[in-house]
Amino acid sequence: MKIFSRLYRQVMMWAVHRHAPVYLSLNSFAESIFWPVPVDVMLAPMALSKPERAWHYAGLATLFSVLGAAFGYLLGYALWEPVVQPFIATMGYEGKMAIARQWFDEWGIWVIFIASFTPIPYKVFTVTAGLLQMAFLPFLLISLVGRGLRFFLVAGLMVWGGVRMEAKLIRYIDILGWLCLAAAVAAYLLLRN
């Protein structure tokens with residue numbers, strides 16, 4: 001089934017759209033709070049389609065992701081009980097929040113760096129940092145470093161790999177897509193227990 005190759009072609013069309021930087025910025029902001037679609041899904045094809053703008057796109061993704069993280073922090077800090085907790089329950093994230101709290105207890109501020117750089121759901125950690133009243137300035141600085149490293153790495157890989165990387169990606173996109181989906185389902189099943 002060629003689902004992922006069709007999705008890739010659609011994302012590439014969005015990536016060259018004249019409003020693509022706005023869509024990337026909105027996605028980056030929302031992904032740090034509640035949105036499930038990773039920023040990389042839009043950033044990578046945008047950097048690939050316009051390598052001369054790749055660093056600009058990575059900068060936009062970083063800036064708006066950190067702004068979204070600050071907003072998520074404030075939601076956790078000020079609006080936990082009336083707004084966030086019911087939303088977390090509706091989304092089924094209670095278990096993830098418990099894991100996030102445990103990780104904060106074990107690793108402190110470094111958990112923000114890990115969550116901001118890896119595919120771990122960053123939104124859970126931004127809200128939890130506010131809920132636990134973590135120091136705001138270190139939270140912002142670690143978020144900026146982690147998100148910046150991640151997005152500039154993605155942009156750099158696209159610039160470096162260029163057309164060769166795109167050809168390989170297109171060739172293996174469906175296999176990679178199904179493998180990622182299987183990994184996400186396995187991670188979900190492991191984390192929900």
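Which residues does Met134 touch, not counting residues up to four places away in sequence? Met134 touches Tyr73, Phe104, Ile109, Ile112, Ala129 and Phe139, where contact means heavy atoms within 4.5 Å. The structure is a predicted model, in which local features need pLDDT of at least 70 and side-chain atom pairs count only at pLDDT 80 or more, while totals for chains, interfaces and linings use all residues. Residues are numbered from 1 along each chain as its sequence is written, and side-chain values use heavy atoms, with hydrogens and water left out.

A look at the whole protein comes next. The protein holds 9 helices and 0 strands; these are DSSP runs, numbered from the N terminus, with helices being H or I runs of at least four residues and strands E runs of at least two. Of the 193 residues, 40% are buried, a word that stands for under 20% relative accessible area, with exposed being over 50% and partly exposed in between (1.4 Å probe, protein chains only). Among contacts with a separation of 6 or more, 76% join residues 24 or more positions apart. The accessible surface is about 11,000 Å², and 72% of this surface belongs to carbon and sulfur atoms; accessible areas come from the Shrake-Rupley method with a 1.4 Å probe, and for residues only the protein chains shown count as cover.

Met134 is also one of the residues with the most contacts inside the largest nonpolar core, which has 23 residues. Such a core is a set of buried Ala, Val, Leu, Ile, Met, Phe, Trp, Tyr and Cys residues joined through side-chain atoms within 4.5 Å. Helices H4 (54–78), H5 (80–91), H6 (94–107), H7 (110–117), H8 (122–131) and H9 (136–192) each supply at least two residues of this core. The largest share, 6 residues, comes from H8. Another core, of 18 residues, lies apart from it and includes Val39, Met42, Met46 and Leu48. In soluble globular proteins, nonpolar side chains tend to be buried together.

Helix H2 (residues 20–31) is a good place to pause. Its 12 residues reach 16 Å from the first C-alpha to the last, close to the 16 Å expected at 1.5 Å a residue; the expected span is 1.5 Å times one less than the number of residues. Among the buried residues of H2 are Leu24, Asn27 and Glu31. Asn27 counts as buried because its relative accessible area is 10%. Leaving aside neighbours within four places in sequence, Asn27 is in contact with Trp35, Val37, Pro38 and Val39. Of these, Trp35 sits in the loop between H2 and helix H3 (40–49) and, at 37% relative accessibility, is partly exposed. Trp35 also helps to make a nonpolar surface patch of about 510 Å², together with Phe34, Val37, Val41, Phe87 and Met91. Patches are made of residues with over 30% relative accessible area and no salt bridge, like charges being joined within 9 Å and nonpolar side chains (Val, Leu, Ile, Met, Phe, Trp, Tyr) within 5 Å.

The count of salt bridges comes to 2, each being a side-chain nitrogen of Lys or Arg within 4 Å of a carboxyl oxygen of Asp or Glu. One joins Arg147 to Glu31, with the closest N and O atoms 2.3 Å apart. This pair links distant parts of the chain, Arg147 in H9 and Glu31 in H2, 116 residues apart. Arg147 is buried at 0% relative accessibility, and Glu31 is buried at 6%. Asp40 and Arg150 also meet in a salt bridge (2.5 Å, N to O), which links H3 to H9 across 110 residues.
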